[in-house]
Amino acid sequence: MANRHLSRSITMQTLYEWDFNNRDDSKIDEILKRNIQEFGPGLEDDEFVRDLIRGILKNREKIDAIIIKTAPEWPLEQINLVDRNILRLGIYELLFGNRDGVPPKVAINEAIELAKSFGGETSGKFVNGVLGTIYRAIGEPGKEEGGTRRGKKVEKSNDASTNN
């Protein structure tokens with residue numbers, strides 16, 4: 001398992017336990033340390049995990065408000081614990097993280113993979129729907145960067161005469 005994927009997995013598991021135990025911020029370091037020892041024995045560097053946890057907790061109120069706005073039919077406390085914390089992680093990386101290090105599409109794909117691995121039958125679709133809505137709302141950054149669309153190379157024209 002790649003280090004960043006493993007780091008996200010440990011982050012999600014840590015957030016899950018923190019959330020399950022009444023979101024006591026004073027316990028997060030203890031939970032994280034235990035989870036790194038238990039689930040990440042091959043993890044070469046735990047700084048990425050620590051950065052994710054710090055960033056998510058720092059921006060928790062904003063992130064939770066975004067979840068509430070983006071999934072209005074699901075009150076935050078009624079969203080499955082796994083899905084809720086995967087969304088926190090995905091939204092953090094999508095909106096507050098380093099886009100050069102983690103492009104938006106990577107953040108979304110990683111969150112979907114976590115949902116498929118740890119969540120329920122519909123978790124992947126739910127996480128994809130919420131994060132996809134946010135991605136479109138922020139203008140789909142990185143959409144045109146070297147990608148293909150339906151098998152065709154995406155090309156941008158800077159020639160004003162082609163717009164007539």
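Entry 1. I looked up the accessibility of E77 and found it exposed, at 51% relative accessibility. The cut-off for exposed is over 50%. I note that the model is predicted.

Entry 2. I then looked for the salt-bridge partner of E77. Its side chain meets that of R84, with 4.0 Å from N to O. R84, in contrast to the exposed E77, is buried, with a relative accessible area of 4%.

Entry 3. I turned to D19 and asked which residues it pairs with. One salt bridge joins D19 to R23, where the closest N and O atoms are 2.7 Å apart. Another joins D19 to R88, with the closest N and O atoms 3.0 Å apart. I placed this second pair in the secondary structure: D19 belongs to helix α1 (residues 3–20) and R88 to helix α5 (residues 81–96), so the salt bridge ties together parts that are 69 residues apart in sequence.

Entry 4. I checked how accessible these three residues are. D19 is buried, its relative accessible area being 4%. R88 also counts as buried, at 1% relative accessibility. R23 counts as partly exposed, because its relative accessibility is 29% and the partly exposed class lies between 20% and 50%.

Entry 5. I asked how the pairs recorded above are connected. D19, R23, D64, E77, R84 and R88 are linked in a network of salt bridges. The network therefore includes buried residues, among them D19 and R88, as well as the exposed E77.

Entry 6. Finally, I looked up the total for the structure, which holds 15 salt bridges.

Key: Residues numbered from 1 in each chain as written. Predicted model: local features only at pLDDT ≥ 70, side-chain atom pairs only at ≥ 80, totals over all residues. Heavy atoms only, no water. Buried < 20%, exposed > 50% of the residue type's maximum accessible area, 1.4 Å probe, protein only. Helix = DSSP H or I, 4+ residues; strand = E, 2+ residues; numbered from the N terminus.
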